[in-house]
Each structure stands twice: as C-alpha cells, then as structure tokens.
Amino acid sequence: MTIIIKGNRLYLRATLPPRPMSNKSFPHQQEIALGVYATVDGLSMAEKEARKVGFRLESGEFSWKPYLRHRLTGTLPYKTVGDWVGALKMDYFMRRAKTPQSLTTWETNYNEVFKRLPGDQPLTELILKKAIAATPPDTRTRQKTCLALDKLAKIASVDFDAKRFAGNYSPTKVSPRSLPSDLVIVEWYYRLSNPAWRWAYGMLATYGLRPHELFYLDLEEFSQGGGVLRVLAGKTGARRVWPLHPEWVEEFSLSEVKLPACHGKTNRDLGNRVTRYFRRQEMPFRPYDLRHCWAIRSMQYGLEIGLAAQQMGHSATIHSQTYHAWLADQHHQLAFERLLAKPDRPRPPQVKLEEDLTDF
C-alpha cells in the first residue's frame with residue numbers, strides 16, 4: 001500500500017479488486033482517490049485510511065462502494081459519459097477565456113472525439129478502449145483521440161492510461177506534387193470574379209496565412225502601404241509577415257482591402273467559410289496549399305528557417321518536420337553550390353598523355 005501525491009491531492013495505490021463495471025476479472029494495481037489535500041493533516045488521514053484498506057483486503061471484506069465518488073442514482077451507477085464531458089468542458093473553460101481560439105481547440109481536439117462516445121452510458125475502461133480501437137494506429141486521429149480520452153479518464157478517476165496507445169504519429173509531410181505552381185496560383189487569381197474573395201485569395205497566396213487569419217489582420221496599418229502584414233492574435237500570438245513574392249502586393253491590388261463578409265464563432269468556422277469558397281469555385285487545391293507554397297517559396301528566397309517559422313506562426317521544429325523534404329534538398333543543393341564556388345576547392349587530377357600508346 002503506497003500513499004502518492006497527484007496534483008495537490010493524496011491517493012492510495014495498491015493491488016485492488018476490479019472496480020464495479022470494470023471489464024477486468026482479477027486484482028490489479030489501482031488508485032483510490034481520498035479527496036484530501038497533501039498537507040500534514042491530510043497525510044495523517046491517508047495513513048489511517050491505508051491501514052483500514054489493508055485490513056479489509058486481508059480479511060476479504062474490501063468494497064469499492066465507500067470510495068466511489070458517485071453513488072447509485074436511478075439506473076446508472078455513475079455519471080454518464082455526457083456528464084463527464086460536461087465536467088471536463090467546465091474545467092477547460094474555467095482555466096481559459098472563451099475566445100475563438102479556445103472554442104476551436106475544444107471543438108477540434110476534444111469534442112470531435114467525445115461525439116463518438118455513447119453519451120448516455122457510464123464511462124468505463126472498455127468504452128475508452130473501443131473508441132481508441134476504432135481509429136487507425138499511428139495517425140493524427142489516433143493521437144488526438146488518445147489525448148482527449150486521457151483527459152476524460154483523469155477527470156472521472158477512471159484507472160486507464162489512454163496515452164500509451166497514441167502511437168508514433170508525426171506531422172504529415174507535404175507532397176510537392178499536390179501543390180500548385182506560382183503560375184497556376186496567378187492564373188486562378190484572375191479567374192475569380194468576386195472582388196472580396198479575389199483579395200482574400202491574393203492575401204493567402206502572398207503571405208501564407210492560415211485561412212481564418214484573414215479575419216485577424218491589422219488592415220488599417222496594412223492599407224497604408226509598405227507591404228509588411230501584421231497578423232493579430234488568432235491561433236497563435238501576433239506576428240509580422242513579409243510578402244513572397246513582393247510583386248504580388250501590387251499585382252493583386254492587396255493594399256485595396258476588400259475583406260469577405262464572413263462570420264463564425266470559432267476559428268474553425270471562419271476557416272470553413274474559406275474552404276467552402278474554394279470548393280464552390282472548383283479549385284484544384286486547398287487554402288492551406290497556398291500556405292505551404294509560401295513556405296517553399298521562402299526556401300527558394302533563402303529565408304532562414306527560424307525566421308520563416310516565426311512568420312508562419314509555428315515553431316522551427318514544426319516547420320522542419322512539415323517541410324523536411326524541401327529543406328533537405330534545398331540546403332544540400334545550396335551547400336553544394338557554395339562548395340563549387342570556392343576558388344581553392346579540390347580539383348580532379350589532369351592526366352596528360354605523352355604519346356599515342358596504342359602501338360606496341
């Protein structure tokens with residue numbers, strides 16, 4: 001029997017019989033939430049409870065009933081999955097302001113996972129395992145599912161480590177074959193007839209914005225000229241972005257601001273408005289592809305990785321992972337060209353033939 005601290009609370013850890021509604025048949029290591037703080041008085045209470053639990057285990061009289069947070073109510077032995085999701089949501093927004101960013105994070109990273117659970121049933125290890133098994137291994141979906149379910153298990157005190165099933169997912173490498181060329185990007189700009197959407201398209205192409213960031217720009221400063229764009233706090237903090245290609249600022253008339261009239265409660269809602277417009281126009285690429293094109297273009301310009309990552313609003317690690325193929329080829333090629341340009345570089349031997357040695 002061990003007393004442990006989690007957060008600022010005390011728990012007992014021991015080999016205990018399966019909890020009610022568990023799919024396990026034999027005793028295994030579990031934790032008992034004592035509901036006391038990690039103080040001197042709390043430790044004294046925990047020690048007394050540990051002796052009590054040890055005596056009941058030895059005598060075969062141990063029962064989970066005194067330690068279950070929620071007693072029988074109606075026909076359900078515990079709060080339902082929906083109840084626990086509601087509790088987690090309340091906890092989430094007690095620690096974060098309700099902004100478009102936090103609402104998007106909750107919906108995308110958590111609620112999308114929870115919608116696949118049986119909301120009217122008790123939360124059990126079996127339900128969590130089934131939800132994980134329904135996702136492909138080593139994918140973003142599996143990783144997101146495990147992280148969300150791990151949070152849900154913790155708040156409901158379900159003894160289940162969901163994160164160990166997350167797998168080895170890493171950000172998907174962008175395929176160069178899926179991206180439009182700069183010529184195709186310009187051609188599609190001139191195909192668009194709606195002035196506001198044409199402006200939005202030009203901004204995405206020239207500054208590599210996330211689709212929803214179109215609605216988080218310092219347009220007053222931008223309309224004054226200069227070409228440098230300030231992105232206000234959206235998914236990430238505020239940042240400045242330089243145009244690539246700078247000629248597109250004039251060609252696409254970007255200083256003449258014409259923002260589409262779109263509304264949405266979350267960043268995802270706003271991004272979906274942009275994505276749907278691309279689909280309606282039957283474009284052969286997605287809004288995010290224009291962002292990827294900006295990243296590749298930054299390498300062609302020779303912009304240092306860290307600066308490019310800052311302008312895109314993500315870490316250098318994410319930048320390297322996402323654009324690894326281009327980074328590897330581009331940097332090796334530039335290094336090779338620098339080596340060739342050195343006047344003192346090694347040269348192959350020059351063999352001078354003295355005579356025609358073919359006749360013996």
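**Strand pairing and nonpolar cores**

Start with a single pair: Ile4 has Tyr11 of strand 2 as its bridge partner. The model here is a predicted one. That pair belongs to an antiparallel arrangement in which strand 1 (residues 2-6) and strand 2 (residues 9-16) are joined by 5 bridges. The hairpin made by strand 1 and strand 2 leaves 2 residues between the strands, and Gly7 there adopts a positive phi near 70 degrees.

Tyr11 also has a bridge partner in strand 3, namely Ala33. Strand 3 covers residues 28-37 and pairs with strand 2 through 7 bridges, again in the antiparallel sense.

Now for the nonpolar side chains. In soluble globular proteins, such side chains tend to be buried together. The largest nonpolar core of this model has 43 residues, and the members touching the most others are Tyr201, Met203, Tyr207, Leu209 and Phe278. Two or more residues each come from helix 6 (182-191), helix 7 (195-207), strand 4 (229-231), helix 9 (247-251), helix 10 (267-280) and helix 11 (287-301). Helix 7 is the top contributor to this core, giving 8 residues.

Leu209 deserves a look of its own. Leaving aside residues up to four places away in sequence, Leu209 touches Met203, Leu204, Leu214, Leu217, Leu229 and Val231, and the list also takes in Arg239 and Arg291. Apart from the largest core there is another one, built from 26 residues, including Leu117, Cys146, Ala148 and Phe160.

Key. Residues are numbered from 1 along each chain as its sequence is written. This is a predicted model: local features need pLDDT of at least 70, side-chain atom pairs count only at pLDDT 80 or more; totals for chains, interfaces and linings use all residues. Side-chain values use heavy atoms; hydrogens and water are left out. Two strands pair if DSSP finds at least two bridges between them. Helices (H or I, at least four residues) and strands (E, at least two) are DSSP runs, numbered from the N terminus. A nonpolar core is a set of buried Ala, Val, Leu, Ile, Met, Phe, Trp, Tyr and Cys residues joined through side-chain atoms within 4.5 Å. Buried means under 20% relative accessible area, exposed over 50%, partly exposed in between (1.4 Å probe, protein chains only). Contact means heavy atoms within 4.5 Å.
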